[in-house]
Amino acid sequence: MIKYIAHSKKWRDKPNGNTYFSVQITDIKTGEVSKVEFQYGGGDHFKSTSLNELCKKDKASKFSLSHDYIYWIDEKNCNKKDVLNWGE
């Protein structure tokens, strides 16, 4: 059963080759939104930081949260301003 929707937005600093992201995590039941601020990290790093944020709130293990309760949205190639605003 899905409890959360974790929506990441990513921006790539092309001249330096670095990827940055921010995440909004929505609790489907309450509508409460938690945010992971703009930070460096590529690949699935956004999932790890999102799970850390959720573990603080849900008191569940990372394994059970990632496999049972989260619908992941990974939006790539966003502009920097959108990614910065998404995490604020």
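Helices and strands here are DSSP runs: at least four residues for a helix, at least two for a strand, numbered from the N terminus. The model is a predicted one.

**Exercise 1. A nonpolar surface patch**

Task: Place I28 in the fold, decide whether it is buried, partly exposed or exposed, and find which residues join it in a patch.

Solution.
- Step 1. Locate the residue. I28 sits in the loop between β2 (18-27) and β3 (33-40).
- Step 2. Check its exposure. The relative accessible area of I28 is 44%. Partly exposed covers the range between 20% and 50%, so I28 is partly exposed.
- Step 3. Find its partners. I28 joins I2 and Y71 in a nonpolar patch on the surface. Together the three have about 290 Å² of accessible area.

**Exercise 2. Two salt bridges**

Task: The structure holds two salt bridges. Identify the residues in each, and say which parts of the chain they connect.

Solution.
- Step 1. Take K10 and D74. Their side chains meet in a salt bridge, 3.2 Å from N to O. K10 belongs to strand β1 and D74 to strand β4, so this bridge ties together parts 64 residues apart in sequence.
- Step 2. Compare the exposure of the two ends. K10 is buried, at 7% relative accessible area. D74 is partly exposed, at 30%.
- Step 3. Take K56 and E53. This salt bridge spans 3.9 Å, N to O. Both residues lie in helix α1, three residues apart, so about one helical turn separates them.
- Step 4. Check K56. Its relative accessibility is 58%, so K56 counts as exposed.

**Exercise 3. The surroundings of K10**

Task: What does K10 touch, leaving out residues up to four places away in sequence?

Solution.
- Step 1. Place the residue. K10 is in strand β1, which runs over residues 4-13.
- Step 2. Go through the contacts. K10 touches T19, Y20 and F21, and also G43 and F46. The list continues with D74, E75, K76, N77, C78 and V83.
- Step 3. Link this to the salt bridge. One of these contacts, D74, is the salt-bridge partner of K10.

**Exercise 4. Aromatic rings**

Task: The structure holds four aromatic pairs. What is the geometry of the F46 and W72 pair, and which parts of the chain does this pair link?

Solution.
- Step 1. Choose the quantities. A pair of aromatic rings is described by the distance of the centres and the angle of the planes.
- Step 2. Apply them. For F46 and W72, the centres are 5.8 Å apart and the planes make an angle of 85 degrees. Planes over 60 degrees apart count as edge-to-face, so the F46 and W72 pair is edge-to-face.
- Step 3. Place the rings. F46 is in helix α1 (residues 45-58) and W72 is in strand β4 (residues 70-75). The two are 26 residues apart, and the pair links distant parts of the chain.
- Step 4. Check exposure. F46 and W72 are both buried.
- Step 5. Look for a cluster. Ring pairs link W11, Y20, F38 and Y40.

**Exercise 5. Lysines over rings**

Task: Which aromatic rings have K3 and K9 over their faces?

Solution.
- Step 1. Take K3. It lies over the face of Y69, 4.9 Å from the ring centre.
- Step 2. Take K9. It lies over the face of W86, 4.3 Å from the ring centre.

**Exercise 6. A backbone angle**

Task: What is notable about the phi angle of N77, and is this residue buried or exposed?

Solution.
- Step 1. Recall the background. Most residues other than glycine have a negative phi.
- Step 2. Read the angle. N77 is not a glycine, yet its phi is positive, about 60 degrees.
- Step 3. Place the residue. N77 is in the loop between β4 and α3 (80-86).
- Step 4. Check exposure. With a relative accessible area of 75%, N77 is exposed.

**Exercise 7. Two residues to place**

Task: Where are V33 and L54, and how exposed is each?

Solution.
- Step 1. Take V33. It is in strand β3. At 39% relative accessibility, V33 counts as partly exposed.
- Step 2. List its contacts. Beyond neighbours within four places in sequence, V33 is in contact with Q24, I25 and T26.
- Step 3. Take L54. It is in helix α1. At 0% relative accessibility, L54 counts as buried.
- Step 4. Add a distance. From C-alpha to C-alpha, L54 and D74 are 17 Å apart, with their positions 20 residues apart in sequence.

Key: Residues numbered from 1 in each chain as written. Predicted model: local features only at pLDDT ≥ 70, side-chain atom pairs only at ≥ 80, totals over all residues. Heavy atoms only, no water. Phe/Tyr/Trp six-rings, centres within 6.5 Å; stacked < 30°, edge-to-face > 60°. Buried < 20%, exposed > 50% of the residue type's maximum accessible area, 1.4 Å probe, protein only. Lys NZ or Arg CZ within 6 Å of the ring centre and 35° of its normal. Patch = residues over 30% accessible without salt bridge, like charges linked within 9 Å, V, L, I, M, F, W, Y side chains within 5 Å. Areas by Shrake-Rupley, 256 points an atom, 1.4 Å probe, with all protein chains shown as cover. Salt bridge = Lys/Arg side-chain N within 4 Å of Asp/Glu carboxyl O. Contact = heavy atoms within 4.5 Å.
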